[in-house]
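Me: I am new to this structure. Please walk me through it in short steps.

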Amino acid sequence: MIEERSRTRVVAAFVGAVGIAGASLFAVLVHLDLRHGLDHMNWVAFSLFSILLFLGETQPKLWMRFGEGGEVTPGWAFAYALVLLGSPSGAVIVMVLTNLFVDVRHRKGALKIVFNVSQVAAALSLGGLLLHALGVHEGITGTDHLPLRVGFGIVGGGLLIFIVNGLLTASVICLHQGIGLVTMMRSGFALSMAVDGALLALAPVFVIAIEFSILMLPLLGITSFLVFHSARTALKREHEANH
């Protein structure tokens, strides 16, 4: 009992630190977004990806469960797509509000809600700040060609979001359950993160395709379905191998 209380205090302190970091990073991101303006925004694409993000996060049929590693939803792909459209702070707001809606609806504990919201804010804000640092202020389709710095921004931003999301989630699970990282990875977390990475990699394709023509939307749907279908197959095979 004492050990459990000690873990709870450690988790609470960790969540508090993530919350402060997420809020601080988001504040800086909002300042930069407002400084460079939003006149360039494709609001049709922004609204579309926001709706897809909400649907992906609120429809359990679209989720994939990975044992103790939690579940994977399509939301990260559309969230990063919103970042790449040129409004990272808008992406954070949409993802945070969606996660808040889902967590409250499922009556999750206050500590878990705070962590989920803070984790999303921290990861997406860092990705957006990296794009700003590389001078990508108007989205990845703001020019007729793709400069090298934009390419670095796309890859670097996705990697940063992937790493921060993975580290924060892994840390809080390990602290809460009192288990090691290797044990958690075996429970399905590694496969969960692999799918998240694949979804993040699709985000630039989504943005470029939708900016070219909204008629590309069916193709995006097919691509997303194929990625999820492959991930489900991998999960099923892993489950059969372990049982």
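The questions below go from the overall fold to the core, the surface and a charged pair.

Reply: This is a predicted model, where local features need pLDDT of at least 70, side-chain atom pairs count only at pLDDT 80 or more, and totals for chains, interfaces and linings use all residues. Residues are numbered from 1 along each chain as its sequence is written, and side-chain values use heavy atoms, with hydrogens and water left out.

Me: In what order do the elements of the protein run from the N terminus on?

Reply: Helices (H or I, at least four residues) and strands (E, at least two) are DSSP runs, numbered from the N terminus. The protein has eight helices and two strands. Their order is α-α-β-β-α-α-α-α-α-α.

Me: What percentage of the residues in the protein is buried?

Reply: Buried means under 20% relative accessible area, exposed over 50%, and partly exposed in between (1.4 Å probe, protein chains only). The protein has 243 residues. The buried share is 45%.

Me: Which helix gives the largest share of the largest nonpolar core?

Reply: A nonpolar core is a set of buried Ala, Val, Leu, Ile, Met, Phe, Trp, Tyr and Cys residues joined through side-chain atoms within 4.5 Å. The largest one holds 55 residues, and Leu124 is among those that touch the most other members. Helices that give two or more residues to this core include H1 (2-36), H2 (43-58) and H5 (110-133). The largest share, 10 residues, comes from H5.

Me: Leaving aside neighbours within four places in sequence, which residues is Leu124 in contact with?

Reply: Contact means heavy atoms within 4.5 Å. Neighbours within four places in sequence are left out here. The partners of Leu124 are then Trp76, Ala79, Val83, Ala91, Val92, Met95 and Ile161.

Me: Which helix gives the largest share of the nonpolar patch?

Reply: Nonpolar patches join side chains of Val, Leu, Ile, Met, Phe, Trp and Tyr within 5 Å, from residues with over 30% relative accessible area and no salt bridge. Ile51, Phe54, Leu55 and Phe101 make a patch of about 350 Å². Phe54 is partly exposed, at 34% relative accessible area. Three of the patch residues come from H2.

Me: Which side chain meets Lys108 in a salt bridge?

Reply: A salt bridge is a side-chain nitrogen of Lys or Arg within 4 Å of a carboxyl oxygen of Asp or Glu. The structure holds one. Lys108 is partly exposed at 24% relative accessibility, while its partner is buried at 2%. With 3.3 Å from N to O, that partner is Asp103.

Terms used. Patches are made of residues with over 30% relative accessible area and no salt bridge: like charges are joined within 9 Å, nonpolar side chains (Val, Leu, Ile, Met, Phe, Trp, Tyr) within 5 Å. Accessible areas come from the Shrake-Rupley method with a 1.4 Å probe; for residues, only the protein chains shown count as cover.
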